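Here is a short report on a predicted model. Please keep the sequence and the structure in view while reading.

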Amino acid sequence: MRIVRDERILIAGAVLLCAVPLVFGNYWTGLMTQALIFGGVALGLDILVGFTGLPSLGQAAFFGLAGYGAAISILRYDLNPWLAAVVGILVSVAIAVAFAPLAVRMRGLAFLTIMLAFGQVWWGVATRGGSFTGGENGLPGVRRPSFGVSWWDLESTNGYYVFTLLCTTVVCFLLARIARSPFGVSLIGIRENETRMTTIGYHVAARRAASFAIAAASGAVFGILSLFFNGYVGPGSLDWRLSAQFLLSVVIGGAGTLWGPFLAGGGLHILKTYVTGQTQYWPMILGGLYVLAVVALPGGIASIPALARSRRKLLGSRPKRPIDPAISE
Amino acid sequence: MSAGSDVALDVSGLTVRFGGIVALSEVALSVQRGSRYGILGPNGSGKTTLFNAISGLNTPSAGRISLLGVEVTSLPARVRAHLGLARTFQITSLFPSLTVLENVAMATRMAEGVAGNWWSAAAGQTGANTDAAAMLDRLGIAHLAGRPVRSLGYGEQRQLEIAMALATRPSVLLLDEPTAGLSNTETAALTQLVRALPAELTILIIEHDLGVIFEVTDRLTVLQNGVVIASGPSTEIREDPIVKEVYLGR
């Protein structure tokens, strides 16, 4: 297996992030755990939105369904938390796979709105589910699983942070590989020219559905991580506003770049936590950021390095390497 | 598939309606393997609709289409592609943000059977990429390999259209106005290219340029208002009084 540059950066980033508990206290380590979770969801959603070109306003459904699936398994059926996590992910992915054939027949605005409706159905089920789903109050009191070893305690902030970092790294690595594979490139082809893809023999609907399931599955994994972090799952994790935050993370980060949405997803969560502690105007600030990103930075955060490079060139600063004399006249 | 069949494409009683409009009415044509078959007709006569029906992009209201001995009338476009059908588009239809090589590799990966790989890097698929590079070389656009398609000139995009279609290794190729919008020099080059394609490849070509049509094709079907008004060897069609009046005479 060849490790390319992107993957080396990913691994280096993960190693660097291992230092967070050493440098920061519990508060920031906890916040970074959540940032990894929200960044991860946005990155998974980017496969669907940025690659396949299907903008979804229902990603929170897969995030929340996994959480509810696991929480109900633990609280109502007394399942082992590890097993419950698997059940939660399977429930979420199974619902995604069942809904995918219908969803991927839509494009653009129709897809966006049907996903909004899909998400709201589950939000409705959760809030009206009575004592089984905990209704408006959700399901508190979910304990974290344990490795059964003393040196890695998932109940501790630091232990759970490292676990989340490990899971996030694995998911990012998988998604980055998928994105560069022939399958990943075919999703770009579908986004850019569906008819052509069909006439050269690609099964467009199946590939769309597969990308839908991949986004859902990664949303589900992070839904589980969020459940165990908070010890709680509630209707807020199925809320369309959370879906909107995920979709905006993809746009602000730079759709189709994976790392942009990851940074934006994590960054927006940290910003949200800070801003909501100071004022109640978070939605306005999020809206403002979105407008700013669309107007000033259409390529998102991920386009900043390229913009900076071209700007440096415009300003005429000296290039790092001497120009090849063969090229310069 | 009846291997002994000499007919590459057989269309009978083909009718395509869009709402109340009859785009094609009872169209029949039979194309021999290795034939160079021209489709001629004024704008709006149903030529592209015929190609769309053959390639599976629209659903006929009536009639049958058989490709290389297989009845394909109700089969989806991608299955027809796997049976050996490829086409180009009158309005250039590419992947603008990808490079020229990546565009062609999208087709060669399908031909090599590696398009479903979700683990290895697409850029590392040596077989498919070598094939794609060879295809670019064959069409004389190898120097454009690394360029994003959106940065290409129109004539170069028209060549890439054909490269992508050929990269699927088709047995039957549909060319929809390949020279539309090209200069005289470009048209001449493209005509040479079509003439140089392997003899066993069956080609159907829609073309407005009569010079190209009579230079390339051996048989012709002439459409008008969705109806076949003449069909036969190109040399005979050229002298057909009805065709002369409707189309050639202008």
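In this predicted model, strand 1 and strand 2 of chain B make a hairpin. Between the two strands lie 2 residues. Gly19(B) sits in the turn and has a positive phi of about 60°. Strand 1 covers residues 7-18 of chain B, and strand 2 covers residues 21-32. The two run antiparallel and are joined by 8 bridges.

Strand 1 of chain B also pairs with strand 4 of chain B, residues 62-67. That pairing is antiparallel too, and spans 5 bridges. The table gives residues of chain B that stand opposite each other.

| Residue | Opposite residue | Strand of the opposite residue |
|---|---|---|
| Leu9(B) | Val31(B) | strand 2 of chain B |
| Val11(B) | Leu29(B) | strand 2 of chain B |
| Asp10(B) | Ser66(B) | strand 4 of chain B |

What is the order of the strands in the open sheet of chain B? The order is 2-1-4-5, with 4 strands and antiparallel pairing. Strand 2 and strand 5 of chain B are the edge strands. Strand 5 covers residues 70-71. Each edge strand pairs on one side only.

Next comes the interface between the chains. Here 31 residues of chain B are in contact with 22 residues of chain A. Two helices of chain B, helix 2 (77-83) and helix 3 (100-112), each supply at least two residues of the side that touches chain A. Helix 3 of chain B gives the most to that side, with 5 residues. How does the side of chain B that touches chain A divide by class? It has 17 nonpolar, 10 polar and 4 charged residues.

Last, the nonpolar core. The largest one holds 166 residues. Which of its residues touch the most other members? They are Ile224(A), Val104(B) and Ala163(B). Helix 11 of chain A, residues 204-230, gives the most to this core, with 16 residues.

Ile224(A) deserves a closer look. Set aside its neighbours within four places in sequence, and Ile224(A) is in contact with Ala66(A), Gly67(A) and Ala70(A). Ile224(A) is also in contact with Ala85(A), Gly88(A) and Ile89(A), on the same condition about sequence neighbours.

Methods:
Residues are numbered from 1 along each chain as its sequence is written. Chains are lettered from A and ligands numbered from 1 in the order in which they are written. This is a predicted model: local features need pLDDT of at least 70, side-chain atom pairs count only at pLDDT 80 or more; totals for chains, interfaces and linings use all residues. A nonpolar core is a set of buried Ala, Val, Leu, Ile, Met, Phe, Trp, Tyr and Cys residues joined through C-beta atoms within 7 Å. A residue is buried if 20 or more other C-beta atoms lie within 10 Å of its own, exposed if 12 or fewer, and partly exposed in between; C-beta atoms are placed from the backbone. Two residues are in contact if their C-beta atoms, placed from the backbone, lie within 7 Å. Two strands pair if DSSP finds at least two bridges between them. Ala, Val, Leu, Ile, Met, Phe, Trp, Tyr, Cys and Pro count as nonpolar, Asp, Glu, Lys and Arg as charged, and the others, Gly among them, as polar.
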